[in-house]
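Here is a short report on one structure. It covers open space, one helix and charged pairs.

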Amino acid sequence: MTAPLTIADLKWLARRRVPKMFFEYADSGSWTEGTYRANEDDFAAIKLRQRVMVDMTNRSLTSTMIGHDVAMPVALAPTGFTGMQHADGEMLAAKAAEEFGVPFTLSTMSICSIEDVASVTTKPFWFQLYVMRDRDFVQNLIDRAKRAGCSALVVTADLQILGQRHKDIHNGLSAPPKFTPKHVWQMATRPQWCLGMLGTKRRTFGNIVGHAKNVSDLSSLGSWTAEQFDPRLSWKDIEWIKQQWGGKLIIKGVLDEEDARAAADTGADAVIVSNHGGRQLDGAPSSISMLPKIVDAVRDRIEVHVDGGIRSGQDVLKAVALGARGTYIGRPFLYGLGAMGKEGVDLALSILRKELDVTMALCGKRDIQTVDRSILAHNPY
Ligand SMILES: Cc1cc2nc3c(=O)[nH]c(=O)nc-3n(C[C@H](O)[C@H](O)[C@H](O)COP(=O)(O)O)c2cc1C
């Protein structure tokens with residue numbers, strides 16, 4: 001294959017370089033995977049308006065997300081187990097994002113810890129919080145994120161109970177991986193990945209191990225979530241989190257106008273329209289199909305961001321046209337990371353930038369901040 005030209009090329013490579021259980025952890029949705037597929041398919045149904053004879057010089061993709069300058073309105077979404085796609089994955093992806101000028105969001109369920117990522121970056125990154133029953137642990141995570149200089153806290157609202165992903169169960173997913181014949185075979189056939197893993201000590205959940213009390217079973221995400229995540233999480237808790245954190249706050253996982261209004265009432269800085277990449281409520285609508293309604297409901301009160309199904313710069317442009325101030329990519333950067341480490345994340349971001357830039361120009365726009373619904377020829381939502 002020539003050098004990867006698309007996110008699909010990076011996915012093809014990642015499938016060949018990452019052990020099956022971890023590649024499929026990324027490339028999966030819950031139950032029938034209908035929502036996972038809809039996230040991508042619904043972008044394709046939106047058509048762009050081709051414009052001609054307009055000045056296309058001096059284009060700009062720079063913007064802001066919650067007041068932070070971004071080279072383009074794309075952030076790296078929080079993803080668990082990222083250090084299992086490639087050794088030290090979170091540290092590499094954070095460095096790539098910093099160099100590119102876009103935000104990196106570190107997951108609570110990351111392999112590299114908050115402190116690990118802080119040790120290799122020079123600018124603030126964002127931290128994603130899962131709210132656990134053990135509020136001392138939550139408090140401690142918030143304090144660690146503050147000490148590390150994180151500049152935004154992203155509270156995930158749509159995973160207090162884990163959606164069932166069949167592939168993870170079939171694959172016996174765990175971190176560190178088990179040493180059954182099946183798992184050893186999967187790893188042995190990915191020698192580059194193994195070499196990387198042998199060269200790092202980061203092979204389990206760095207934010208949790210050694211920090212959380214009574215963690216009895218980290219090997220199974222399902223039982224761990226059931227044991228630790230707080231299923232009573234409510235809007236009232238956001239008030240407490242806001243007080244503890246005291247900085248920019250983003251609420252992730254809102255897919256309904258009423259919930260978006262409640263999120264705006266909390267005084268948070270942004271809401272992320274998201275269905276967790278189709279990994280939670282299978283049967284929920286795609287994120288992009290819900291974006292316009294949520295934008296219309298709360299745009300004047302809170303920034304609206306979106307994630308789910310973005311696979312090209314064209315998708316980023318469509319999301320911005322439908323009112324998203326910012327977008328996030330999960331799998332696109334994970335595929336880059338699995339395929340080629342940091343270089344693959346650099347490449348994923350460059351691919352998106354080029355596609356975004358050329359598409360914006362051909363739609364007759366020079367500044368991403370002036371893009372609105374008028375660039376769409378057909379919008380089914
Ligand atoms: C492998 C994987 C792990 C994820 N882990 C987390 C996580 O730990 N916390 C979280 O808030 N969202 C998590 N997400 C959801 C992403 O933040 C994001 O919502 C989703 O990936 C966006 O869809 P996309 O992958 O199609 O871009 C995860 C997604 C994937 C694919």
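## The largest pocket

The lining of the largest pocket divides into twelve nonpolar, nine polar and three charged residues. The space in this pocket comes to about 490 Å³. Its lining counts 24 residues, and Ala-157, Asp-158, Gly-253, Val-254 and Asp-259 are the closest to the centre. The model is a predicted one.

Which elements contribute to this wall? Both α11 (235–245) and β8 (249–254) supply at least two residues each. Strand β8 gives the largest share, three residues.

## The cavity

A search of the whole structure finds one cavity of 30 Å³ or more. Its volume is about 420 Å³. The lining holds 31 residues. Nearest the cavity centre lie Pro-78, Thr-79, Gly-80, His-276 and Arg-279. Four elements give two or more residues to this lining: α2 (20–26), α10 (221–228), β11 (326–329) and α15 (331–340).

How do the lining residues of the cavity divide by type? There are 16 nonpolar, nine polar and six charged residues.

## Helix α4

Helix α4 runs over residues 89–100, twelve in total. From first C-alpha to last, α4 reaches 16 Å. That is close to the 16 Å expected at 1.5 Å a residue. Just after the helix comes Gly-101, with a positive phi near 95°.

Is α4 mostly covered or mostly open? It is mostly covered, with ten of its twelve residues buried. The buried set is Gly-89, Glu-90, Met-91, Leu-92, Ala-93, Ala-94, Ala-96, Ala-97, Glu-98 and Phe-100. Two glutamates, Glu-90 and Glu-98, are thus among the buried residues of α4. The packing partners of the buried residues are β4 (74–76), β5 (105–106), α5 (114–120), α15 and α16 (342–362). Of these partners, α15 also gives residues to the cavity lining.

## Salt bridges across the chain

Side chains of opposite charge can pair when their charged atoms come close. The whole structure holds 18 salt bridges. One of them joins Asp-27 and Lys-11, at 3.4 Å from N to O. These two residues sit 16 residues apart, in distant parts of the chain. Asp-27 lies in the loop between α2 and α3 (34–44), and Lys-11 lies in helix α1 (residues 7–17). Asp-27 counts as buried because its relative accessibility is 10%, under the 20% cut-off. Lys-11 is partly exposed, at 22%.

Asp-116 and Arg-202 form another salt bridge, with the closest N and O atoms 3.1 Å apart. This pair also links distant parts of the chain, 86 residues apart. Asp-116 belongs to helix α5, while Arg-202 is in the loop between α9 (191–198) and α10. Both Asp-116 and Arg-202 are buried. Helix α5, which holds Asp-116, is also one of the packing partners of α4.

## A charged network

Arg-232 forms a salt bridge with Asp-230. The closest N and O atoms of this pair are 3.1 Å apart. Are the two partners buried or exposed? Arg-232 counts as exposed because its relative accessibility is 61%, over the 50% cut-off. Asp-230 is buried, at 3%.

The pair belongs to a wider set. Salt bridges with shared partners join Arg-135, Asp-230, Arg-232 and Asp-237 into one network.

Note on methods. Residues numbered from 1 in each chain as written. Predicted model: local features only at pLDDT ≥ 70, side-chain atom pairs only at ≥ 80, totals over all residues. Heavy atoms only, no water. 1 Å grid on protein atoms, 1.4 Å probe; cavity = no way out; pocket = protein on both sides within 12 Å on 5 of 7 lines; lining within 4 Å. Points joined across faces, edges and corners; volume = space filled by probe spheres on them. Nonpolar A, V, L, I, M, F, W, Y, C, P; charged D, E, K, R; others polar. Expected span 1.5 Å × (residues − 1). Buried < 20%, exposed > 50% of the residue type's maximum accessible area, 1.4 Å probe, protein only. Contact = heavy atoms within 4.5 Å. Salt bridge = Lys/Arg side-chain N within 4 Å of Asp/Glu carboxyl O.
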